[in-house]
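Q: Could you take me through one part of this model up close, and then follow its links outward? I would enjoy one connected account rather than a list.

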Amino acid sequence: MVGVYKSLTDFLPLLEEDKIGDWMIDCVNDGTPEHPIQMPFVNYSRLIREIEDAIYNFERMHPEYGLNHYSSILEANGIEWGMDSMSAKDVSVLDGKCVLAMLLGAVRAERFCDGALLGFFKKGCIKRWLERLKEIDEPGGVRVCRESEYLFVMRDYLVEHGMKYDETIDNKVTARKDGKTYGFSEHLQAMVYSLLSAQRPWADVVKHLDEIDDIFFGYDAGRILKQTDTYFVDRIREIKCGNRNIHDQMKYLPDNIATLRSIEAEYGSLDAFVISAPAHEIVKILTNYKSKYKLRNMGEALCWEYLRNVGIDGAKPDVHLRRFLGSKRMGTGNHETATVSEVIDTVRRLSKESGLSMAVIDNIIWSFCSEQYGEICGASPKCTECPVKPYCHKK
């Protein structure tokens, strides 16, 4: 059987005797207007030009590799696009896609820095990478693949098409890591935002956040408790931010405020409570019907959203993530619609592998699927437009 990478690895024996290229320095002209000095450049051999053409041809012939996103592929494998990082990487642990991304990255580098490609050849990088491709092509060759790679492709696609949702929650997670603490009113705001995100496209709500803040008196609990639930329902509906549960949500808002105050009394602050145990344990406390701190009308997904709104790193296992990470799409579990625990476990694993926070991963997937944002992998997926189709189980 002909190897997948044979069109590239056939160059290996030819490299041994090739001079690669030489720097051309203008020693003739004197720099006068009549005789301007030509900038130095590398005169590459015919073989190197043929290798360049072969790399570009492989990219064109194999769109399933997604090599137009070579920088994302490198990042997913912990590699920076540059001589130091690429040349230092242990190629034996990389799959063919990543090796090809490095080859393409080396060729593209020449466009921005004369002699960059010469440097990769002189350091032996190109030879090592081609040898790795040959090794993969051999029977029994090890083909390593990083599960998280598709996240970087999705992220770049969203940014390029202006579809990525803002990074508010990502920034809150970063702020907490940098030492920020959140007061009672901020926790109350986080809970209200979470409630209003239920069963309604967030795009309809986010443009009214300033109005919502005013409706809830800047989250002054005392003033909120003086109003009836009807007051809040009517005003939320006036700005078209209600949902099917808005009556019950506002009816039991005083109960939830009382619960938050009880937590604050026991732990000293709500912030102390939310960091007193792993996030998934806090969610259990807030959702378990036997818990004295059960929040009314807030299941696991909404409690995760509440915690994320106060900078706790995590993912909201809503309909988008559960569908996307199901077994028929991008998931590795046993359910077509991933369970809450499968979503959290998968996002946690992707975070550890990719170096991205769980909040960032949630943002990427949610933006990719959600109405009025990416809308690529929703209830009716647009598979023909999907940049990560090669990674997907749905065929």
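A: Here is a walk that begins at one pair of packed helices and moves on to the loops and helices around the chain. Please keep in mind that this is a predicted model.

Let's begin with α19 and α20. Their axes come within 9 Å and cross at roughly 125 degrees. The two helices are therefore oblique to each other, and α19 passes α20 in a right-handed crossing. On the α19 side, the contact is made by Ala279, His280, Ile282, Val283, Leu286 and Thr287, while α20 brings Glu300, Cys303, Trp304, Tyr306 and Leu307. By character, the residues of this contact divide into eight nonpolar, two polar and one charged.

Two residues of α20 in that list, Cys303 and Tyr306, lead us on to Ser194, which is in contact with both of them. Ser194 belongs to helix α11, which covers residues 184-196. Setting aside neighbours within four places in sequence, Ser194 also has Met298, Leu302, Glu305 and Asn309 among its contacts. With a relative accessible area of 0%, Ser194 is buried.

Now step into the loop that links the two helices we began with. Arg296 has its place there, between α19 (279-287) and α20 (300-309). Which residues does Arg296 touch, not counting residues up to four places away in sequence? They are Tyr252, Asp255 and Asn256. With Tyr252 there is also a side-chain polar contact, of 3.3 Å. Arg296 counts as partly exposed because its relative accessibility is 34%, between the 20% limit for buried and the 50% limit for exposed. Looking along the chain, Arg296 and Leu356 are 60 residues apart, and their C-alpha atoms are separated by 32 Å.

Helix α11 also gives us a way to α15 (residues 229-238). The buried residues of α15 are Tyr231, Phe232, Val233 and Ile236. These residues pack against α11, and also against α13 (209-215), α14 (221-225) and α16 (246-251). Just after α15, Lys240 takes a positive phi of about 60 degrees.

That backbone detail deserves a short pause. Most residues other than glycine have a negative phi. Two loop residues can be set beside Lys240. One of them is Gln199, in the loop between α11 and α12 (202-206), where phi is near 55 degrees, a positive value in a residue other than glycine. Another is Phe217, found in the loop between α13 and α14. Phe217 is not a glycine either, yet its phi is positive, at about 55 degrees. Phe217 counts as buried because its relative accessibility is 17%, and the limit for buried is under 20%.

Let's turn next to a second helix pair, α3 (residues 46-61) and α6 (residues 96-112). These helices pack at an angle of about 120 degrees, with their axes 10 Å apart. That makes α3 oblique to α6. The crossing of α3 and α6 is left-handed, whereas that of α19 and α20 is right-handed. Glu52, Ile55, Tyr56, Phe58 and Glu59 are the α3 residues in this contact, and they meet Leu100, Leu103, Leu104, Val107, Arg108 and Arg111 of α6. The residues of this contact divide into seven nonpolar, no polar and four charged.

Helix α6 also holds Lys97. Is Lys97 buried or exposed? Lys97 counts as buried, because its relative accessibility is 12%. Its side chain is joined to that of Tyr391 by a polar contact of 2.8 Å. Leaving out residues up to four places away in sequence, Lys97 touches Tyr5, Glu64, Tyr65, Leu67, Ile73, Glu149 and Tyr391.

Among those partners, Glu149 points us to α9 (149-160), and the loop between α8 (125-137) and α9 holds Glu147, our last stop. Glu147 is partly exposed, with a relative accessible area of 22%. Apart from neighbours within four places in sequence, Glu147 is in contact with Thr332, Thr346, Arg349, Leu350 and Glu353. How many residues apart in sequence are Glu147 and Leu350? They are 203 residues apart in sequence, while their C-alpha atoms are 7.2 Å apart in space.

Conventions:
Residues numbered from 1 in each chain as written. Predicted model: local features only at pLDDT ≥ 70, side-chain atom pairs only at ≥ 80, totals over all residues. Heavy atoms only, no water. Axes fitted to C-alpha atoms, helices over the stretch in contact; angles between N-to-C directions. Helix = DSSP H or I, 4+ residues; strand = E, 2+ residues; numbered from the N terminus. Parallel < 35°, antiparallel > 145°, perpendicular 65-115°, else oblique. Left-handed = near helix turned anticlockwise from the far one by under 90°. Contact = heavy atoms within 4.5 Å. Nonpolar A, V, L, I, M, F, W, Y, C, P; charged D, E, K, R; others polar. Buried < 20%, exposed > 50% of the residue type's maximum accessible area, 1.4 Å probe, protein only. Polar contact = N/O pair within 3.5 Å; in protein donor to acceptor, adjacent residues only side chain to side chain.
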